[in-house]
Amino acid sequence: MRLSARNQLKGKIIGIEAGAVNAMVTLDVGGGNIVSATVSMAAVKDLELEVGKDAYAVIKATSVMIGVT
C-alpha cells in the first residue's frame with residue numbers, strides 16, 4: 001500500500017462498535033496508545049475488519065491542535 005499520508009501507525013483491531021451507518025474502529029498501536037476512527041459500515045465489510053486483525057491508522061492532517069484545561 002502506497003499513500004501520500006506519512007503518518008501510518010500499524011496496530012491490532014481491539015474493538016468495533018457497529019452502528020446503523022458507521023462504526024467506531026479502535027486500534028491498539030502499541031506503547032499503551034489507542035487510536036479510534038469512525039468509518040462506514042460499508043468500509044468495515046469491504047475491508048473485512050475484525051477484532052484481532054492487523055490494520056493501519058492512516059492520518060493526514062494539515063493542522064494539529066493541542067488544548068489544555
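**Exercise 1. Find what share of the chain's residues count as buried.**

Step 1. Fix the term: buried means under 20% relative accessible area, exposed means over 50%, and partly exposed lies in between (1.4 Å probe, protein chains only).
Step 2. Apply it: of the 69 residues of the chain, 19% count as buried.
Step 3. Note what kind of model this is. It is predicted, so local features need pLDDT of at least 70 and side-chain atom pairs count only at pLDDT 80 or more, while totals for chains, interfaces and linings use all residues. Residues are numbered from 1 along each chain as its sequence is written, and side-chain values use heavy atoms, with hydrogens and water left out.

**Exercise 2. List the secondary structure elements in order.**

Step 1. Define them: helices (H or I, at least four residues) and strands (E, at least two) are DSSP runs, numbered from the N terminus.
Step 2. Count them: the chain has 1 helix and 4 strands.
Step 3. Read them from the N terminus: β-β-β-α-β.
Step 4. Frame the whole. Along the principal axes, the C-alpha atoms fill a box of roughly 35 × 35 × 25 Å.

**Exercise 3. Identify the largest nonpolar core and the elements that build it.**

Step 1. Define the core: a set of buried Ala, Val, Leu, Ile, Met, Phe, Trp, Tyr and Cys residues joined through side-chain atoms within 4.5 Å.
Step 2. Name the members. The 9 residues are Ile13, Ala23, Val25, Leu27, Met41, Val44, Leu49, Ala55 and Ala57.
Step 3. Assign them. Strand 2 (22-30), helix 1 (41-46) and strand 4 (54-59) each give two or more residues. Strand 2 gives the most, with 3 residues.
Step 4. Recall the general rule: in soluble globular proteins, nonpolar side chains tend to be buried together.
Step 5. Look at one member, Ala23. Contact means heavy atoms within 4.5 Å. Leaving aside neighbours within four places in sequence, Ala23 is in contact with Ile16, Glu17, Ala18, Ala37, Thr38, Val39, Met41 and Val44.

**Exercise 4. Decide whether Thr26 is buried or exposed, and find its polar partner.**

Step 1. Locate Thr26: strand 2.
Step 2. Check the area. Thr26 has a relative accessible area of 15%, so Thr26 is buried.
Step 3. Define a polar contact: a pair of N or O atoms within 3.5 Å; within protein, one must be able to donate a hydrogen and the other to accept it, and residues adjacent in sequence count only if both atoms are side-chain atoms.
Step 4. Find the partner. The side chain of Thr26 makes a polar contact with the side chain of Ser36 (3.4 Å).
Step 5. Add the other contacts. Beyond four places in sequence, Thr26 touches Lys12, Ile13, Ile14, Gly15, Ile34, Val35 and Ser36.

**Exercise 5. Classify Thr38 and Gln8 by accessibility, then find their contacts.**

Step 1. Take Thr38, in strand 3 (residues 33-40). Its relative accessibility is 55%, so Thr38 counts as exposed.
Step 2. List its contacts. Leaving aside neighbours within four places, Thr38 is in contact with Asn22, Ala23 and Met24.
Step 3. Take Gln8, in strand 1 (residues 7-18). Its relative accessibility is 30%, so Gln8 counts as partly exposed.
Step 4. List its contacts. Leaving aside neighbours within four places, Gln8 is in contact with Met1, Leu3, Ala57 and Val58.
Step 5. Compare sequence and space. Gln8 and Lys60 are 52 residues apart along the chain, and their C-alpha atoms are separated by 8.9 Å.

**Exercise 6. Describe Ala43 and Glu48.**

Step 1. Place Ala43 in helix 1. At 22% relative accessibility, Ala43 counts as partly exposed.
Step 2. Take a distance. Ala43 and Gly32 are 11 residues apart along the chain, with C-alpha atoms 26 Å apart.
Step 3. Place Glu48 in the loop between helix 1 and strand 4. With a relative accessible area of 52%, Glu48 is exposed.
Step 4. Check the backbone. Glu48 is not a glycine, yet Glu48 has a positive phi of about 55°.
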